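Open the structure in your viewer and keep the sequence panel in sight. This tour goes from the whole chain to single residues and back to a helix.

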Amino acid sequence: MTTADTTRPATAMRRLRRPKGMTAHIFLVLAVLISVFPFLWTIVMATNTTEDIYKSPPKLTFGSHLLENIRHVLNTIDFFGSMLNTIVVASVTTALVLFIDSLAAFAFAKFDFPGRKVLFGTLLVFMMLPLQLAVLPQFILMSEIGWVGMLKALALPALANAFGIFWLHQYIQNGVPDELLDAARIDGAGFFRQYWNIALPMIKPALSFLAIYAFVNAWNDYVWPLIVLTDPSHVTLQVELAQLHVGHTTDYSMVMAGVLMAALPLVVVFAVFARGFIAGATEGAVQGS
């Protein structure tokens, strides 16, 4: 058999794979465009005037009114004060969620104790319940301990996140070998040392994802801060942005400018934690290959 005969099947296989690869790339490009379009449309509306937004067909190009719209936002609401409140709440909530949820997930995944299955099943049931059901009990609790109107009333209800515990439980169950924990126990390591020195370094990708999830949820929360924050100086950003809507005379270009400014920190947070998530996932894929 000649060299040409041996290379023909490989060449034919590459030709068959090309259309599939091109189709996948086309779908990926379309998915990216669909995902990015709302953000681009927000920028377009934030850089134009409300009259341009109401035009038919609407203006699809960037305008020159961004700085003017931003100035209107800053003159209308206490944007930076409410943003500082939101940064504090979201950062503290995210840190506490990562610690408490990972600790609980590690216990559920790697330790056998009485009632473990019942407690975990109860956790899954609560994960499926709407969050609105807990608003009234939470408000009564905050009122009893005297936290109504304070920023710490936003962090406490979010500590034990059912989804976070379930997500980390599944990751720890498959991603942390029992052999390492057994070896640590032989060396005299207790529960917290196993958690801190063995489990946490191995679940960094899952923690990165949960950090993004928890921060975005805390940043975008509107209903609970609107109910529990009675002090105007403690208002969070989403509640403050709602003040930009004034009846039938809403300046939508100004609203979109405020929304754009509020979304920029989320982009930064995603960029920071997504690097750890992707790096960890890639490292695991390379080690597993």
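Here are the stops, one selection at a time.

**Whole chain.** You are looking at a predicted model. Select everything and colour by secondary structure. The chain has 14 helices and 0 strands. Read from the N terminus, every element in the run is therefore an α. Now switch on the surface. The chain exposes about 17700 Å², and carbon and sulfur atoms supply 69% of that area. Of the 289 residues, 33% count as buried. What share of the contacts between residues at least 6 apart in sequence joins residues at least 24 apart? The share is 74%.

**Helix H1.** Select residues 3-46, which form helix H1. Then pick Ile26, Phe27, Val29, Leu30 and Leu33. Together they make a nonpolar surface patch of about 510 Å². Stop at Val29, in H1. Is Val29 buried or exposed? Val29 is partly exposed, because its relative accessible area is 49%, between the 20% and 50% cut-offs.

**The loop after H2.** Move along to helix H2 (50-53) and helix H3 (66-76), and select the loop between them; Pro57 is found there. Show the backbone from Ser56 to Pro57. This peptide bond is cis, with omega near 0°.

**Helix H4.** Select residues 79-110, helix H4, and pick out Thr94 within it. Thr94 counts as buried because its relative accessibility is 6%, and buried means under 20%. What lies 2.7 Å from a polar atom of the Thr94 side chain? It is the backbone oxygen of Ala90. Next, show what surrounds Thr94. Apart from its neighbours within four places in sequence, Thr94 is in contact with Ala211, Ala214 and Phe215. Select those three as well, and keep H4 on screen for the next stop.

**Helix H10.** Select residues 191-202, the 12 residues of helix H10. Draw a line from the first C-alpha to the last. The helix reaches 16 Å, close to the 16 Å expected at 1.5 Å a residue. Which residues of H10 are buried? They are Gln194, Tyr195, Ile198, Ala199 and Leu200. Show their side chains, then add the helices around them. The buried residues of H10 pack against H4, helix H9 (178-186) and helix H11 (204-220).

**Last view.** Keep H4 and H10 selected together. Thr94 sits in H4, and H4 is one of the helices that the buried residues of H10 pack against.

Notes. Residues are numbered from 1 along each chain as its sequence is written. This is a predicted model: local features need pLDDT of at least 70, side-chain atom pairs count only at pLDDT 80 or more; totals for chains, interfaces and linings use all residues. Side-chain values use heavy atoms; hydrogens and water are left out. Patches are made of residues with over 30% relative accessible area and no salt bridge: like charges are joined within 9 Å, nonpolar side chains (Val, Leu, Ile, Met, Phe, Trp, Tyr) within 5 Å. Accessible areas come from the Shrake-Rupley method with a 1.4 Å probe; for residues, only the protein chains shown count as cover. A salt bridge is a side-chain nitrogen of Lys or Arg within 4 Å of a carboxyl oxygen of Asp or Glu. Helices (H or I, at least four residues) and strands (E, at least two) are DSSP runs, numbered from the N terminus. Buried means under 20% relative accessible area, exposed over 50%, partly exposed in between (1.4 Å probe, protein chains only). A polar contact is a pair of N or O atoms within 3.5 Å; within protein, one must be able to donate a hydrogen and the other to accept it, and residues adjacent in sequence count only if both atoms are side-chain atoms. Contact means heavy atoms within 4.5 Å. The expected span of a helix is 1.5 Å times one less than its number of residues.
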